[in-house]
Amino acid sequence: MVILDLVRAVATLSAGQTAQVAATAHDLDVIRQWCERTGNTLVRFEFDRSGRGTVAVRRGRVPDPQLALGPDRVPGARLWLYTNLHCNLRCDYCCVASSPRAPRRELGAERIARLVAEAADWGASQVFLTGGEPFVLPNIDRIVRDCTSRLPTVLLTNRMLFREPGLAALQAMPRDGFALQISLDSASPQLHDTHRGHGSWAKAVSGIKLALAAGFRVRVAATITEARPDTIAALTTFLDNLGIPRDDQLIRPVARQGAATGGVLISRESLVPEITVTADGIYWHPVAAADERLLVRREIEPLRPALDQVYRLFSDQWAHTQSKVALFPCA
């Protein structure tokens, strides 16, 4: 009987839509076999102690976001916080156009602590702190300690401020549940310095060495304007020799956002969301945290409504256009 109910229900659906029918636990094997033979997908099932309940079946082979992405990349698992939006550098492809003259637009330590606590209670598994340059903040060590007390934390930095008072702040940061992600775009100075400023490559390399010697986990992220195999191979070898594991080496393209005049064109429909908070609002993804088209809501607190909203929107989007969305590797 349950198979006939499924046939009737699924026949009314478009590809990617889901139907729910009554079933029992004894029906489950038959339902799985039917889905396999007909090219449909068993999404979920719920039964009470008596074995009665419901099953939900999606028409077609559209995968569930959590199964396809993995639990660490499901919307809401990663929370991005722009601690501030001003920076000591003026990189010519910065996705939020940070610079020394950019407005500060700080979230503030107290608000960051509240947001991380709320995200952790909701189910987030990791927090990323970025900017601007977080080390321009005099209380960045406190912010990091507050975050790591609730969730594993990654801090993105250009390393340029690893001197007093930044060095003291660095040394005060925890080693457990925490990683530094330092920007380094090439195996030699020319390419990196062209985009980030003269002398910045040497300071980034010395910062990587300093952080490793101080016992930190260090990740290195390279923003590549042209993905030439020889350039990438040289950078990978250079990072290997510095002692950066391959899993902590990240190569990403330029996104046509902020200060960048070229690069990958992105939209909400093309990105797997990574919920991002700035002083201006909540955005779909950190690479577009100044793009009004990817603004989720202006109201920052409470955070839960935005987490729920993005999860729901992406689940609906995934059911119809999942083959078009992709991860953009900010970290």
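Partly exposed, in these legends, is the class between buried, under 20% relative accessible area, and exposed, over 50%. All the views below come from a predicted model.

**View 1. G263, a partly exposed glycine in a loop.** Here we are in the loop between β9 (249-253) and β10 (276-278), which is where G263 sits. Its relative accessibility is 36%, so G263 goes down as partly exposed. Look for P253 too: 10 residues separate it from G263 in sequence, while the C-alpha to C-alpha gap in space is 7.1 Å. Setting aside residues up to four places away in sequence, G263 touches V254 and R256.

**View 2. E274, a buried glutamate in a loop.** We stay between β9 and β10, since E274 belongs to that loop as well. With a relative accessibility of 3%, E274 counts as buried. Ignore the neighbours within four places in sequence, and E274 still has quite a list of contacts. Among them are the arginines R73 and R78, along with W80. The list carries on with Y283, W284, H285 and P286, and F328 is on it too.

**View 3. Helix α1 and its buried side.** Helix α1 covers residues 2-11, and V2, L6, A9 and V10 are its buried residues here. They span an arc of only 90 degrees around the axis, so they end up on the same side of α1. As a reminder, an α-helix has 3.6 residues a turn, so residues three or four places apart point the same way. Turn to the face away from the buried side and you meet R8 and A11, both exposed. And what lies over the buried residues of α1? The cover includes the strands β1 (18-24) and β3 (52-58), plus helix α2 (28-38).

**View 4. Helices α4 and α5 packed together.** This one pairs α4 (residues 109-122) with α5 (residues 140-148), whose axes are 9 Å apart and make an angle of about 15 degrees. Angles under 35 degrees count as roughly parallel, and α4 and α5 are therefore roughly parallel to each other. Their crossing is right-handed. On the α4 side, the contact is made by A109, E110, I112, A113 and V116. On the α5 side, R142, I143, D146 and C147 meet them. Sorted by class, this contact has 6 nonpolar and 3 charged residues, with no polar ones.

**View 5. The loop between β6 and α6, with a cis proline and a positive phi.** Both residues to look for here, R159 and P165, sit in the loop that runs between β6 (153-157) and α6 (166-171). The peptide bond joining E164 and P165 is cis, with omega at about 0 degrees. R159 is no glycine, yet its phi is positive, near 75 degrees. At 10% relative accessibility, R159 counts as buried.

**View 6. A second cis proline, P302.** The bond from E301 to P302 is cis, and its omega is near 0 degrees. You will find P302 in the loop between β12 (295-297) and α10 (304-321).

**View 7. A97, an alanine with a positive phi.** A97 has a phi of about 55 degrees, a positive value although this residue is not a glycine. Its home is the loop between β4 (78-82) and α4. Is A97 buried, partly exposed or exposed? Relative accessibility comes out at 38%, so A97 counts as partly exposed.

Definitions and conventions
Residues numbered from 1 in each chain as written. Predicted model: local features only at pLDDT ≥ 70, side-chain atom pairs only at ≥ 80, totals over all residues. Heavy atoms only, no water. Axes fitted to C-alpha atoms, helices over the stretch in contact; angles between N-to-C directions. Helix = DSSP H or I, 4+ residues; strand = E, 2+ residues; numbered from the N terminus. Parallel < 35°, antiparallel > 145°, perpendicular 65-115°, else oblique. Left-handed = near helix turned anticlockwise from the far one by under 90°. Contact = heavy atoms within 4.5 Å. Nonpolar A, V, L, I, M, F, W, Y, C, P; charged D, E, K, R; others polar. Buried < 20%, exposed > 50% of the residue type's maximum accessible area, 1.4 Å probe, protein only. Arc of directions from axis to C-beta.
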